[in-house]
Amino acid sequence: MGPRLLRFTSAAGDDVPGRDGPRVVGLDTSLSATGVASSEGWCRVIGYEDKKNPITKLPYPARLVQMRRVLDAVVDAVGRPDLAVLERAAVSRAGGGAHERGWLWWRLYEHLTDAGIPVGLMAPNQRIAYATGKGTGSKTVVVDQVARRWPQWQTGGNDNAVDAVVLMAAGRDWLGAPLATVPQTHRAAVDKAVWPEAVTP
């Protein structure tokens, strides 16, 4: 079957502010560590994990099998939210696996739209700006901001889960049901993101 896929998970606490409102899921896609965060209070990190046999080094038939496993696991975690917020693909990102990452992003986007789930899109710098007020910032700064502003989401300091929380929180803000009040310098990122025409929770 292959290596395990669920790399991190946290359950919802009792004091989650987003539980009684539109259900939004944030998604930071990666074949090795896709971050998924729900406004219901939980986080997950899903991805192929076998450092000795990286997915981009597998024979093509086996590579496709493992890519589909990751996709299916992410789709299962997402369920049917009122809104999904995806981080836009960073086409300039260095490193291997760009071809495979693109496949995962587009297949996930295809699933969401085919299922009638509205999709919002945020660029990486917009996600960082929503968390920090600036379009650039280290992973550590974003982790700290999420722990301070949305402490109910237990990310374990995992930057993939943290990024998903930011995307989810921005989606709730766009819907007019923010999880916490953020300064206008932060919220400006929401206005610059790409949002669906309508959402009916």
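User: How many of the 9 residues of H3 are buried?

Analyst: This is a predicted model. In it, helix H3 is mostly covered. The count of buried residues is 7 of 9.

User: Which residues of H3 are buried?

Analyst: Buried means under 20% relative accessible area. In H3 that picks out a run of names. They are Gln-126, Arg-127, Ile-128, Ala-129, Tyr-130, Ala-131 and Thr-132.

User: Which elements do the buried residues of H3 pack against?

Analyst: Both strands and helices take part. The strands are S5 (83-87) and S6 (119-122). The helices are H4, H5 and H6.

User: Which residue with positive phi follows H3?

Analyst: The residue after the helix has a phi near 90°. That residue is Gly-133.

User: Which residues of H4 are buried, and where do they sit on the helix?

Analyst: H4 covers residues 139-149, and its buried members are Val-142, Val-143, Gln-145, Val-146 and Arg-149. Viewed down the axis of H4, they fall within an arc of 165°, so they line one face of the helix. On the other side, Thr-140 and Arg-148 are exposed. The place asked for is one face of H4.

User: What covers the buried residues of H4?

Analyst: Helices contribute to this cover. H3 also meets H4 from its own side, since the buried residues of H3 pack against H4. The cover of H4 includes H3 (124-132), H5 (159-174) and H6 (184-192).

User: Is His-186 buried or exposed?

Analyst: His-186 lies in helix H6. Its relative accessible area is 6%. The cut-off for buried is under 20%. His-186 is therefore buried.

User: Which residues is His-186 in contact with, leaving aside neighbours within four places in sequence?

Analyst: The partners include residues that are buried in H3, namely Ala-129, Tyr-130, Ala-131 and Thr-132. Gln-145 and Arg-149, both buried in H4, are also touched. The full list is Ala-129, Tyr-130, Ala-131, Thr-132, Gly-133, Gln-145 and Arg-149.

User: What is the relative accessibility of Glu-100, and which residues does it touch?

Analyst: Glu-100 sits in helix H2 (residues 98-114). It counts as buried, at 7% relative accessibility. Beyond residues up to four places away in sequence, Glu-100 touches Leu-31, Thr-56, Arg-63 and Met-67.

User: Where is Arg-23, and is it buried or exposed?

Analyst: Arg-23 is in the loop between strand S1 (6-10) and strand S2 (24-28). Its contacts, leaving out residues up to four places away, include Glu-40, Trp-42, Asp-82 and Leu-83. The relative accessible area is 16%. Arg-23 is buried.

User: How far apart are the C-alpha atoms of Arg-23 and Gly-47?

Analyst: Along the chain, Arg-23 and Gly-47 are 24 residues apart. In space, their C-alpha atoms are separated by 23 Å.

User: Which pattern does the chain follow along the sequence?

Analyst: The chain has 6 helices and 6 strands. Read along the sequence, the pattern is β-β-β-β-α-β-α-β-α-α-α-α.

User: What radius of gyration does the chain have?

Analyst: A compact globule of 201 residues would come near 17 Å, and the chain agrees with this. Of the contacts with a separation of 6 or more, 70% join residues 24 or more positions apart. Half the picture is cover: 50% of the residues count as buried. The radius of gyration is 16 Å.

User: How far apart do the centres of the positive and negative side chains lie?

Analyst: The chain has 24 positive and 20 negative side chains. The centres of the two sets lie 6 Å apart.

Conventions
Residues are numbered from 1 along each chain as its sequence is written. This is a predicted model: local features need pLDDT of at least 70, side-chain atom pairs count only at pLDDT 80 or more; totals for chains, interfaces and linings use all residues. Side-chain values use heavy atoms; hydrogens and water are left out. Buried means under 20% relative accessible area, exposed over 50%, partly exposed in between (1.4 Å probe, protein chains only). Helices (H or I, at least four residues) and strands (E, at least two) are DSSP runs, numbered from the N terminus. The arc is that of the directions from the helix axis to the C-beta atoms. Contact means heavy atoms within 4.5 Å. The radius of gyration is taken over C-alpha atoms; the globule rule is 2.2 Å times the number of residues to the power 0.38. Lys and Arg count as positive and Asp and Glu as negative; His and the chain ends are not counted. The place of a charge is taken as NZ of Lys, CZ of Arg, CG of Asp or CD of Glu.
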